[in-house]
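Trainee: Could you take me through one part of this model in close detail? I would love to look at the disulfide and what lies around it.

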Amino acid sequence: KKNMLKRFNKLAKISLICIYFIIIAGAVVRMTGSGMGCPDWPKCFGYYIPPTEISEIQFQPKHQYKSGHVIQYEDVFYYAKENFTSALKLDLNNWKINTQHSYNSFDVSHTWIEYINRLLTAFAGIPILILLIISLRLRKPNRHLTITSILVILGMGFEAWLGKTVVDSNLSPYKITIHMMGSFIIIALLLYAIYHSQRQKVITFPPVFKYVLISAVLLTFIQVFLGTQVRQFIDEQVLNFGYKKQLWLENPNMQFYIHRTLSTLVILINVWLYMIIKKIQLNEPLINYIILVIGLEVVTGILMYYLNFPFTTQPLHLVLSALLFGLQFYLILKTTIKKA
């Protein structure tokens, strides 16, 4: 049982790393505008391996098409209704016109960026599935780990389903936001599994410390939510002004101002936590990492605002927020309240 618990802990850590890789990949997809690179789900243009050039989705005579295969005809996507072999000329009776969304263009780089994102998500499911299997064997003495593993699997299933609806809705902003928030919940569950499957030194603090720490985590969660709303606003500005970056934040929305104002509160709260830990001379490296990540968050935020969104700053800003949430949540798990 002890060796199996170690194996569970290792798989939980691998699963957590995979989730962070998915977040990075998703941020790159968003940054490059590749979200609709695959116009269908779970396949891509109806194939397990997507096309590499436009000719592959043009009509081909005497070709074996399978249900769901996509062709582009007169700048519109059509989906094969069933398996059939095409005649010499295109017969639209065999095809269903794309009515799910307005996206009907092909860009090979966007397609493969989105496809790699989906591959990473699929591969992440492997260690998470094995994690569940091991947790079932540990269920008698460690029932909480089994429940956590089941919740992680359900969360991944929900995220996969939501990913399909995001594509079907042509990247609905509120669904993208829920998608992001869901990944944070999975991170929290995996951190819980990691913490409770290994021996940890418990840190004892007065009640106010833990309550402020919980507030800091909730504030990070809110900041990420607001950040996705700001990102939605930027996407709309791109449609209005193209890539004239200096115009994107000329008239920012209310969410931008709230997001920027709350960032000051994030800094103050976490610096206060840092000072408390140093005051009692506790050697807790997590708080150092938290302050470092916040510093990098501030830098990327400043770069985006004053230097017109340099390349990679947006995905880096998002990934850092996910890392900050994970560090803060794990510190909560390590903290107990001192009894009066």
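Mentor: Happy to! Cys-38 and Cys-44 are joined by a disulfide, with 2.0 Å from S to S. Keep in mind that this is a predicted model. The count of disulfides here comes to 1. Look along the S-S bond and you will find an angle of -85°, which makes the link of Cys-38 and Cys-44 left-handed.

Now, are the two cysteines buried or exposed? Cys-38 has a relative accessible area of 0%, and Cys-44 has 1%. Buried means under 20% relative accessible area, so Cys-38 counts as buried, and so does Cys-44.

Next, let your eye move to Thr-111, a residue of helix H2, which spans residues 108-137. Thr-111 touches both Cys-38 and Cys-44. Leaving out residues up to four places away in sequence, its other contacts are Gly-37, Phe-45, Pro-50, Pro-51 and Phe-106. Thr-111 is buried too, because its relative accessibility is 0%, and the limit for buried is under 20%.

Before you leave the model, have a look at its sheet as well. Three strands form an open sheet in the order E2-E3-E5, with antiparallel pairing. Strand E2 (70-73) and strand E5 (95-97) are the edges, each pairing on one side only. On average, neighbouring strands in this sheet are turned by 35° against each other, direction ignored. E2 and strand E3 (residues 76-80) run antiparallel and are joined by 4 bridges. To find one of them, start at Tyr-73: its bridge partner in E3 is Val-76.

Terms used
Residues numbered from 1 in each chain as written. Predicted model: local features only at pLDDT ≥ 70, side-chain atom pairs only at ≥ 80, totals over all residues. Heavy atoms only, no water. Disulfide = S-S within 2.5 Å. Buried < 20%, exposed > 50% of the residue type's maximum accessible area, 1.4 Å probe, protein only. Helix = DSSP H or I, 4+ residues; strand = E, 2+ residues; numbered from the N terminus. Contact = heavy atoms within 4.5 Å. Pairing = 2+ DSSP bridges. Axes fitted to C-alpha atoms, helices over the stretch in contact; angles between N-to-C directions.
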